[in-house]
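User: I should like to go through this structure with you and to learn what justifies each descriptive word. Please set every value against its definition.

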Amino acid sequence: MTMLEKAKALEDQLVAWRREIHMHPELGFEERRTSRLVADSLREMGIEIEVGVAETGVVARIGEGRPAVGIRADMDALPIQEANDAPYKSRTPGLMHACGHDAHTSMLLGVAKVLNELTDRPAGEIRLLFQPSEEKWRVEDGHSGGSLMVEEKALDNLDAVIACHVASGRPMGEVRVADGFSMAAPDVFEAKIIGEGTHGASPNHGLDPIWLQAQVVNALQAIRSRRRDPTERSVVTIGTIHAGIADNVIPNEVIMTGTIRTFEQEAREEIHRLVEEAFALVRNFGGDYELNISTGYPALYNDPEVAALIRRAGADLLGEDRCGEGEPIMAGEDFAYMTQKAPGAMLRLGAQLDELNRPHHSPIFDIHEGCLPIGVGVMAESALRLLRQHGG
């Protein structure tokens with residue numbers, strides 16, 4: 001039997017795992033119920049596990065020694081109220097698996113079962129990395145689940161590491177793997193533009209910060225269109241603007257937040273500088289500003305050799321027409337920390353459920369569960385090929 005055939009035999013169990021996790025979402029570093037489900041399932045398979053890694057993570061090992069190949073799944077949910085009416089909808093008010101991490105965890109449990117039962121597995125170690133808190137960057141210590149797993153040495157001595165991310169807007173069962181930079185470094189800016197409040201009938205008696213922010217908005221929007229190479233992959237987006245409490249009063253200040261997305265470090269540093277320049281414009285008109293730019297995850301770099309191996313494994317299992325090279329996207333992923341530790345790549349797995357637009361991080365996000373065994377099969381086959389490749 002192929003890895004895909006073995007995975008399809010587990011489809012009912014994969015769906016059951018996914019739905020159980022989906023019904024009980026937990027935020028980053030709070031995935032205690034999910035971690036118990038993972039740990040209990042792995043123990044039932046007879047697999048060696050370590051719990052409490054990166055606080056609520058689980059690490060499991062199949063085999064030992066070198067070579068060693070890691071496979072990662074994230075477990076956390078989002079603070080979103082689910083709007084779907086599926087029988088497996090979230091039972092926790094205000095929380096929802098709106099990015100597919102329930103599917104990722106289910107698939108990695110499936111990979112564990114398939115590979116653990118394999119009698120002719122190549123020599124070496126398969127390391128299963130059930131990671132907490134992909135979505136949450138903890139401000140107090142500057143860690144996400146991925147960076148903390150690396151710090152706690154969960155990825156030490158790996159020859160390669162792979163992961164899968166469902167894509168709700170792509171055809172079910174399609175596999176795409178980009179070479180090189182595939183997801184962006186997501187940085188955040190928070191700013192205050194300071195003017196001088198006054199009555200709306202007498203704007204000349206103060207300094208309107210809303211007018212000041214209009215100059216800043218124009219300057220920010222021009223960074224990509226006029227200050228950077230137009231072929232560069234980067235984006236600056238303003239997410240929020242808040243000011244005022246009355247229709248006839250000019251406020252003292254405007255609060256703005258937004259995001260900066262880049263791949264290359266040079267672009268990242270230069271755009272940070274240009275954002276600072278944009279806000280500094282307000283001083284030309286007598287205003288002032290405060291700006292804080294927080295650096296987020298690094299850009300995710302897919303090692304071209306690992307990416308090519310996954311594409312080949314997927315094509316052999318699914319056919320050439322269903323597996324190919326992917327395009328970079330501007331979303332961020334803390335799997336990037338792991339691919340800095342070991343050569344690795346993330347595959348994107350098509351999971352479109354129906355004709356509705358169900359984007360990630362939306363209240364109606366959902367996936368076609370038929371993608372689950374496909375993800376299991378491709379990841380299991382890729383891990384075996386990586387073991388053989390690094391085993392000489």
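User: Which residue in E2 stands opposite Glu50?

Analyst: Val59 in E2 stands opposite Glu50. This is a predicted model, in which local features need pLDDT of at least 70 and side-chain atom pairs count only at pLDDT 80 or more, while totals for chains, interfaces and linings use all residues. Residues are numbered from 1 along each chain as its sequence is written, and side-chain values use heavy atoms, with hydrogens and water left out.

User: How do you know that strand E1 and strand E2 are joined?

Analyst: Two strands pair if DSSP finds at least two bridges between them. Strand E1 (residues 48-53) and strand E2 (residues 57-64) are joined by 5 bridges and run antiparallel, so the condition is met. The names come from DSSP runs numbered from the N terminus: helices are H or I, at least four residues, and strands are E, at least two.

User: What is notable about phi of Ala54?

Analyst: Ala54 has phi near 50°, which is positive in a residue other than glycine. Ala54 is found in the loop between E1 and E2, and their hairpin has 3 residues between the strands. In the next loop, between E2 and strand E3 (68-74), lies Pro67. The peptide bond from Arg66 to Pro67 is cis, with omega near 0°.

User: What is the strand order of the open sheet of 4 strands?

Analyst: The order is E10-E12-E8-E13, and the pairing is antiparallel. Strand E10 (234-243) and strand E13 (288-294) are the edge strands, because each has a single partner and one side without a neighbour in the sheet. From one strand to the next, the twist averages 15°. E10 pairs with strand E12 (residues 253-262) over 9 bridges, and Ala243 stands opposite Val254 in E12.

User: Which helices pack on or lie across the strands of this sheet?

Analyst: Helix H6 (residues 209-227) touches strand E8 (185-194), E10 and E12; contact means heavy atoms within 4.5 Å. The direction of H6 makes about 170° with that of E10. Helix H7 (residues 265-280) lies across E8, E10, E12 and E13, at about 160° to E13. Such angles run from 0 to 180 degrees between N-to-C directions, with axes fitted to C-alpha atoms, for helices over the stretch in contact.

User: What does Ile238 in E10 contact?

Analyst: Beyond its neighbours within four places in sequence, Ile238 is in contact with Phe189, Val217, Leu220, Gln221, Met256, Thr257 and Gly258. Val217 is 21 residues away along the chain, and the two C-alpha atoms are separated by 8.0 Å.

User: Why are H2 and H10 called roughly perpendicular?

Analyst: Helix H2 (residues 11-23) and helix H10 (residues 371-390) pack at about 105°, with axes 9 Å apart. H2 and H10 are therefore roughly perpendicular, since that word covers 65 to 115 degrees, whereas angles under 35 count as roughly parallel, over 145 as roughly antiparallel and the rest as oblique. Glu11, Leu14, Val15 and Arg18 in H2 meet Leu372, Pro373 and Val376 in H10. These residues divide into 5 nonpolar, no polar and 2 charged, where Ala, Val, Leu, Ile, Met, Phe, Trp, Tyr, Cys and Pro count as nonpolar, Asp, Glu, Lys and Arg as charged, and the others, Gly among them, as polar.

User: What makes a space a cavity or a pocket?

Analyst: On a 1 Å grid over the protein atoms alone, a cavity is a set of points where a 1.4 Å probe fits but cannot get out, and a pocket is an open set with protein on both sides within 12 Å along at least five of seven lines; lining residues have an atom within 4 Å of a point. Points are joined across faces, edges and corners, and a volume is the space filled by probe spheres set on them. By this rule there is 1 cavity of 30 Å³ or more. The largest cavity is lined by Glu20, Ile21, His24, Arg33, Thr34 and Leu37, and helix H3 (32-44) gives the largest share, 3 residues.

User: How is the largest pocket lined?

Analyst: The largest pocket has a volume of about 1,100 Å³. Of its 40 lining residues, Glu135, Arg261, Ala331, Gly332 and His361 are the closest to its centre. E8 gives the most to this lining, with 4 residues. The lining of the largest pocket comprises 16 nonpolar, 13 polar and 11 charged residues.
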